[in-house]
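Let's walk through a few pieces of this fold in question-and-answer form. Have the sequence and coordinates handy.

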Amino acid sequence: MNGANPPALDDLVDLLGRWASGRGPLYLLLAARLRALIDDGVLAPDQPLPPDRVLARRLAVGRGTVVAAYDLLQQEGRVLRRQGSGTRVAALHLPATRTADGVVANPLLMHILHPPDGVLLLTCAAPHDPPPALFEAYEEAGARLAGTRDLGYQPAGNPALCAALAAYYTGRGVPTTADQILVTTGAQQALTLLAGLLLTPGDTVLTETPTYPGALEVFRHAAAVIRPGTAEDLRERPALAYFVPTGRNPGGAVMDTAERRRLAALAAEHDVPLIDDEVCAELSFTGETPPPLAAYERGEHLISVGSLSKLVWGGLRVGWVRAAAPLVSRLARLRAVHDLGGEVFSQLAAVALLGRLEEVRAARVRTLRERHDHLCAELREHLPSWSFEPARGGQTIWVRIPRGDADSFAQLALRHGVAVAPGRSFDPLGRHADRMRLHFLFPEEELSRAVNNLAAAWVVYDGAARPPSRHPLVV
């Protein structure tokens, strides 16, 4: 280079700015800044990045820092690294765009922020049809709210809902008091608060694979290192563990009692905080709700997260954390900094819904089982080469295609009027390229139309692998 830096390198260094000024390992800080530049479209698809040694020398860091940052971004599908051809930004099919006010719209959010017209969205798994019980619950909430004299700022949650949730867990074999409950704006906020409180940059989070992509995004945002594994890996004492024992997203698996007991015991033995995601706990197809992990072990390490968004309706943004009282108190203080507490009217409606939980659950599970069976039958008839295991709970099935990759097929399916969630989104290392998640929440006629459109796309799909695309946020 004759002592001079090429302009592209200088430009990149300027864009990186004060990338090393945060907390945590340097490679995570560098990866975070490069990730933002890629997601915002500042670094264009197929743009080459400087070689490891060149960038390391320019940034005055060890080559291992740049290699680790590039490797992490490659696992996420944001860059491509090939022997002899260097590192390039992945050729994403859904580049970041800016709205009229100049704010970057992350492609991960596009199908939620701007749903495409005329497309059956199999990407977002939440009930589309609010049940009659929800309207009745809001009527009851209105009557309860009448005459109330209260500021309405309740960071830990409305006292009536905290008490109702404490009774709910006590009834499931986990004695709970109201001060062990934090009400949140959905389970996603619960995960975000827990990550913000329990993780520091560079900490390791143990997850199943495949698993809920929304949780993976939360942990990435916290600059954690996500490691896929099993209960046995708790012996290595990660900073946090995240498991979904019932109705696991994406395949609808239900963990048996022996496995639950072992998972809880290992978390207790090795003192690992373990998030038990119970968002789909009430959606087991047996009609029985398995106990939370906290029913098997006492202690401060087991944390339950729940929500009404899957059981009742996605727009009912009421979730919660059930944990030891000291942790809940810390979470409430953190939550107060963000929004001073959730909307009270919906929380009072949640109290009414918990009072008729059996009725609501029975109706939802009956509908889900019927639609699940219909989707499975349609897939077997129209796409017999695809393989899957029927779900045992939850709202989704995990499908394997026999050729090509789900990323490229998803692009073709979108042109046939169906949006699907490719498998890479569900793995912290970007694996499961031959898988996709399909939900069975639509009425049967819409599910049939979706399968017919997928079958039409499959007929013309050539099976050619293409660069991984950025996927809409899937829930």
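Q: Which residue just after α4 takes a positive phi, and of about what value?
A: Some ground rules: this is a predicted model, where local features need pLDDT of at least 70, side-chain atom pairs count only at pLDDT 80 or more, and totals for chains, interfaces and linings use all residues. Residues are numbered from 1 along each chain as its sequence is written, and side-chain values use heavy atoms, with hydrogens and water left out. Helices (H or I, at least four residues) and strands (E, at least two) are DSSP runs, numbered from the N terminus. The residue just after α4 is G77, with a phi of about 80°.

Q: How far apart are the end C-alpha atoms of helix α4?
A: The expected span is 1.5 Å times one less than the number of residues. For the 13 residues of α4 (residues 63-75), that should come to 18 Å, and the model agrees, with the end C-alpha atoms 19 Å apart.

Q: How wide an arc do the buried residues of α4 cover around the axis?
A: Buried means under 20% relative accessible area, exposed over 50%, partly exposed in between (1.4 Å probe, protein chains only). In α4 the buried residues are T65, V66, A69, Y70, L72 and L73. They sit on the same side of α4 because the arc, taken from the directions from the helix axis to the C-beta atoms, is only 160°.

Q: What covers the buried residues of α4?
A: Contact here means heavy atoms within 4.5 Å. Helix α4 lies across β1, β2 and β3. The cover includes those strands, β1 (48-49), β2 (79-82) and β3 (86-89), along with the helices α2 (26-39) and α3 (52-59).

Q: Which strands are the edge strands of the sheet in the order β1-β3-β2?
A: Two strands pair if DSSP finds at least two bridges between them. This open sheet has 3 strands with antiparallel pairing, and 4 bridges join β2 to β3. Each edge strand pairs on one side only, and those are β1 and β2.

Q: Why is strand β12 largely enclosed by the rest of the structure?
A: L302, S304 and G306 point one way and I303, V305 and S307 the other way, yet all are buried. So β12 (residues 302-307) is largely enclosed because its buried count is 6 of the 6 residues.

Q: What is the bridge partner of S304 in β13?
A: Strand β11 (residues 274-277) runs parallel to β12, joined by 4 bridges, and there D276 partners S304. With β13 (residues 319-322), β12 pairs in the antiparallel sense over 4 bridges. In β13 the partner of S304 is R322.

Q: Which helix gives the most to the largest nonpolar core?
A: A nonpolar core is a set of buried Ala, Val, Leu, Ile, Met, Phe, Trp, Tyr and Cys residues joined through side-chain atoms within 4.5 Å. The largest has 96 residues, and those with the most contacts inside it are F219, L379, W386, F409, L438 and L454. With 8 residues, the top contributor is α12 (residues 344-355).

Q: What is the bridge partner of F388 in β15?
A: An open antiparallel sheet of 4 strands runs in the order β14-β15-β18-β17, with β14 (387-388) and β17 (421-422) at the edges. Strands β14 and β15 (residues 396-400) pair over 2 bridges. The partner of F388 is V399.

Definitions and conventions. Axes fitted to C-alpha atoms, helices over the stretch in contact; angles between N-to-C directions.
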